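Colleague: I am new to reading models of this kind, and I would like a close look at one place in the middle of the chain. Please choose a single residue, begin with what it touches, and then work outwards step by step.

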Amino acid sequence: MQEARDNDYDEYSAGGRFVGWDTNESVAPFVPLCRAWEPAATLVLYQSLSVLGADRADKFLATVAEKPALAGMVRKLVVGLGDAVEGMDDGNGQAADSLKLIQVIAACPNLTHLQIRPLHASARSVLLPVVRSKSLVALVCAPRLTRPESGWDQMLYSANFDLLLPTLTSLELDIPLFPQTTFSPRIRHLAPLPLTRLAVHAELRPECVWDLLEAAGSTLEHVYLYFEHLLPIKETAEALAKIATSVQTLEFLSNPTVDQLEDFDPDVEPTFDRILPLFRNLRFLAVSTTDISNNLFRLLPPCLKRLRLHGYSTRGLVGNDVEMLNALADPAVDIHLEELSVFDTAEAWGGQEGIALLHRALAARGVRLSYLRDPEEDESSD
């Protein structure tokens, strides 16, 4: 039973990008085998549960109605409509099932970790007060829970911006990138949000994310931000500068459409050129090539050990530019980097010859180069 509880299957079965955990259904067969095992097996089983679908919600609610103490054992919970139902169009059946799943959340008084997979949009007004009533440490919100036009901020703040989840340290918002969706209104003057981890994969207005960064700036250690549009450079740099002293890992990925790239100005100093020297504890940075220039080796802070570059377009940083090689060859430029990873097409980096040239220049400075091929490039070569 100890092995069943501690078994780690390479990837966690629940959670998100930063906080993951395994559900303990594998312990269930031990519960009826032996009376001596039952208390320990029951405790392990109920500490981490996954309740997907109305049938499982009904069974859980019936069980805890008969044995209320079991609900108090639940610390980590995943709820959702189930894979088959989540892929279907919204309907009244989903709405009723979603309400049952919210009852599951409400029935667990000691939750610390909660992942909410897609629920029916009509259940949102019922869901939010229930979530607010918990002393959560980690909250993972899947698509369709936090629709931008519904005001995702309502889960965190009251009308007068009092903090409603004061124990939360990890927040992950995965919001569907619907181009027709109305952006969230901006929230200003937020109370401090004690997050150490923040992940936003969304098409929110940039101001919404800036406000979140400002509210949690003094405590944030791990940040993941993904957008599919260009962000205003000056304002984005100012927002990121507010987390520069605390953040240890940062992924900032901008993947704009072809039409949006028409507004890209290569003559304007990119976001990370403006703020890289400000970071004091940053160990890992992943950034799109539209947000950093070929001058990067002259700007990297000494604390940065791993850098990953994502090339989503032909704009921005040019992989085979002589400026990068000159900086690596300049003894006056201190290089503390240990590894550079590149996710891009070979063509963008001068083909195999250009990659080999960069590899030699980096190796001479003790830096490993990991070149990760673009999957589309692999498909075209088949």
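Modeller: Let us begin with Ala-138, which, if residues up to four places away in sequence are not counted, touches Val-19, Thr-112, His-113, Leu-114, Leu-168 and Ser-170. Please keep in mind throughout that this is a predicted model. Ala-138 is found in strand S6, and because its relative accessible area is 1%, under the 20% limit, Ala-138 counts as buried. A further link concerns Gly-16, which is 122 residues away from Ala-138 along the chain, although their C-alpha atoms are separated by 9.5 Å.

Two of the residues touched by Ala-138, His-113 and Leu-114, lead us to strand S5, which covers residues 113–116. A general point helps here: in a regular strand the side chains alternate between the two faces of the sheet. In S5, His-113 and Gln-115 point one way while Leu-114 and Ile-116 point the other way, and all of them are buried.

Which strands pair with S5, and in what sense? One is strand S4, made of residues 76–80, which pairs with S5 in the parallel sense over four bridges, and here Ile-116 is the bridge partner of Val-79. The other is S6, residues 138–141, which is parallel to S5 and joined to it over four bridges, with Gln-115 standing opposite Val-140. To get from S5 to S6 the chain passes through helix H7, residues 124–132, and this β-α-β crossover is right-handed.

A helix residue can be read in the same manner. Ser-98 lies in helix H6, residues 92–107, and because its relative accessible area is 0%, Ser-98 is buried. Leaving out residues up to four places away in sequence, Ser-98 touches Leu-81, Leu-119, His-120 and Ala-123.

We can now move out to the packing of the chain. The largest nonpolar core holds 94 residues, and those that touch the most other members are Leu-77, Leu-139, Leu-213, Phe-272, Phe-297, Leu-307 and Leu-340. Helix H8 gives the largest share of this core, namely seven residues. Leu-139 belongs to the stretch 138–141 that forms S6, and Leu-77 to the stretch 76–80 that forms S4, so the paired strands we have just followed reach into the core, where a member must be a buried nonpolar residue. Apart from this core lies another one, of six residues, including Tyr-224, Leu-253, Phe-284 and Ala-286.

H8 itself, residues 206–216, is mostly covered, with ten of its eleven residues buried; among them are Cys-208, Val-209, Trp-210, Leu-212 and Leu-213. Its buried residues pack against strand S8 (197–201), strand S9 (222–227) and helix H9 (233–241).

Strand S9 brings us to the aromatic rings, for the structure holds two aromatic pairs. In one of them, the rings of Phe-227 and Phe-252 have centres 6.1 Å apart and planes at 50°, so this pair counts as tilted. Phe-227 lies in S9 and Phe-252 in strand S10, residues 249–254, so the pair ties together parts that are 25 residues apart in sequence. Phe-227 and Phe-252 are both buried, and ring pairs join them with Phe-272 into a cluster. Phe-272 has been met already, as one of the core residues that touch the most other members. As for Tyr-224, the charged end of Arg-17 sits over its ring, 3.5 Å from the centre.

Another residue from that list is Phe-297, which, when residues within four places in sequence are left aside, is in contact with Met-324, Ala-327, Leu-328, Val-333, Asp-334, Ile-335, Leu-337, Leu-340 and Leu-362. Asn-326, placed in helix H11 (residues 322–329), is 29 residues from Phe-297 in sequence and 9.6 Å from it in space, C-alpha to C-alpha. Is Asn-326 buried, exposed or partly exposed? Because its relative accessible area is 39%, Asn-326 is partly exposed.

Finally, here is the chain as a whole. Its secondary structure comes to 13 helices and 14 strands, and buried residues make up 50% of its 382 residues. Of the contacts with a separation of 6 or more, 72% are between residues 24 or more positions apart.

Note on methods. Residues are numbered from 1 along each chain as its sequence is written. This is a predicted model: local features need pLDDT of at least 70, side-chain atom pairs count only at pLDDT 80 or more; totals for chains, interfaces and linings use all residues. Side-chain values use heavy atoms; hydrogens and water are left out. Buried means under 20% relative accessible area, exposed over 50%, partly exposed in between (1.4 Å probe, protein chains only). Contact means heavy atoms within 4.5 Å. Two strands pair if DSSP finds at least two bridges between them. A crossover is right-handed if, with the strands pointing away from the viewer, the path from the first strand over the helix to the second runs clockwise. Rings of Phe, Tyr and Trp (its six-membered ring) pair if their centres lie within 6.5 Å; planes under 30 degrees apart count as stacked, over 60 as edge-to-face and the rest as tilted. A charge sits over a ring if NZ of Lys or CZ of Arg is within 6 Å of the ring centre and within 35 degrees of the ring normal. A nonpolar core is a set of buried Ala, Val, Leu, Ile, Met, Phe, Trp, Tyr and Cys residues joined through side-chain atoms within 4.5 Å.
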